[in-house]
Amino acid sequence: WTGARVKEVVRALREGASPGLPGVPIGVWKALPEVWTDAVAQLYRAAEQEGSWPAEWAEAYVVMIPKASGGTRPRDQRPITILPVLWRIWSKGISMEWNGVLSGHYLGQAAMGFRAQAGALHVVQLLSDLIVLQRGRKEELGLVSFDIEKCYDSIPWWALFGVMRQAGIEESAVWVFEAS
């Protein structure tokens, strides 16, 4: 990690993203001086070297926010997790570094819904066409869907960490994710 890398990752954060627990707007994080980004980079290097986070960074809070339909009943709300901004900067930096490997090698062109130019807008038509095609061929059709938003607790994290290791992500970075 370098101060320049931290600054690049912070610039990639959306302005309207959650300000985290301290409530500091993302625009303020983007305006912090180079001495701050250098110190954060040093902290990230130490966390990766040790394979653990400061205890405060391991805390997250879940709050309920209204769905688009509004309402105050529990079924009219959805949970959102508030993570520390410094943890989000680190994890986004790791994601940015490995995006080409994961998207190009492990996910391929068929993955939709979460990557630029690969949204889920036309996925219903695509699935319909695939079903018709496979029925015509009299062949089975296998589909995979990962809905991280609603089933994150059922993901086999051990497998995800194994894929990270297989892809060549540094062991110390995987340890930090495992400890989170």
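Here's a quick tour of this protein, from its overall layout down to a few single residues. Keep in mind that the model is predicted. The protein has 8 helices and 2 strands, and 27% of its 180 residues are buried. If you walk along the sequence, the elements come in the order α-α-α-β-β-α-α-α-α-α.

**The big picture**

- The accessible surface of the protein adds up to about 12,400 Å². Carbon and sulfur atoms account for 59% of that surface.
- Take the contacts between residues at least 6 apart in sequence: 54% of them link residues at least 24 apart.

**The nonpolar core**

- The largest nonpolar core has 30 residues. Which of them touch the most other members? That would be V6, Y44, I89 and W90.
- Six helices each chip in at least two residues to this core: α1, α2, α3, α4 (85-107), α7 (157-166) and α8 (171-179).
- Helix α4 gives the largest share, with 7 residues.
- W90 has plenty of company: leaving aside residues up to four places away in sequence, W90 touches W1, Y44, E48, W53, A173, V176 and F177.

**How α1 and α3 meet**

- As a general idea, a pair of packed helices is described by the angle between their axes and by how far apart those axes are.
- For α1 and α3, the angle is about 100 degrees and the axes are 7 Å apart. An angle of 65 to 115 degrees counts as roughly perpendicular, so α1 and α3 are roughly perpendicular to each other.
- On the α1 side, the contact is made by G3, V6, K7 and V10. On the α3 side, W36, T37, D38, V40, A41 and Y44 take part.
- Sorted by class, this contact between α1 and α3 has 6 nonpolar, 2 polar and 2 charged residues.
- V6 and Y44 turn up in this contact, and they're also among the core residues that touch the most other members.

**A47, tucked into α3**

- A47 sits in helix α3, which covers residues 34-50.
- Is A47 buried or exposed? A47 has a relative accessible area of 5%, and buried means under 20%, so A47 is buried.
- Not counting residues up to four places away in sequence, A47 touches S52, W53 and V176. W53 and V176 are also touched by W90.
- A47 and S172 are 125 residues apart along the chain, yet their C-alpha atoms are separated by 8.4 Å.

**Two partly exposed residues**

- E8 belongs to helix α1. Its relative accessibility is 41%, so E8 counts as partly exposed.
- E8 and T37 are 29 residues apart in sequence, and their C-alpha atoms are 9.9 Å apart in space. T37 is one of the α3 residues in the contact with α1.
- P25 lies in the loop between α1 (3-12) and α2 (26-31). With a relative accessible area of 47%, P25 is partly exposed too.
- From P25 to V85 it's 60 residues along the chain, and their C-alpha atoms are separated by 9.9 Å.

**K138, a loop residue with a positive phi**

- Where is K138 found? Look in the loop between α5 (123-137) and α6 (148-151).
- Most residues other than glycine have a negative phi. K138 has a positive one, near 60 degrees, and isn't a glycine.
- K138 has a relative accessible area of 77%, and exposed means over 50%, so K138 is exposed.

Notes. Residues numbered from 1 in each chain as written. Predicted model: local features only at pLDDT ≥ 70, side-chain atom pairs only at ≥ 80, totals over all residues. Heavy atoms only, no water. Helix = DSSP H or I, 4+ residues; strand = E, 2+ residues; numbered from the N terminus. Buried < 20%, exposed > 50% of the residue type's maximum accessible area, 1.4 Å probe, protein only. Contact = heavy atoms within 4.5 Å. Axes fitted to C-alpha atoms, helices over the stretch in contact; angles between N-to-C directions. Parallel < 35°, antiparallel > 145°, perpendicular 65-115°, else oblique. Nonpolar A, V, L, I, M, F, W, Y, C, P; charged D, E, K, R; others polar. Areas by Shrake-Rupley, 256 points an atom, 1.4 Å probe, with all protein chains shown as cover. Core = buried A, V, L, I, M, F, W, Y, C linked by side-chain atoms within 4.5 Å.
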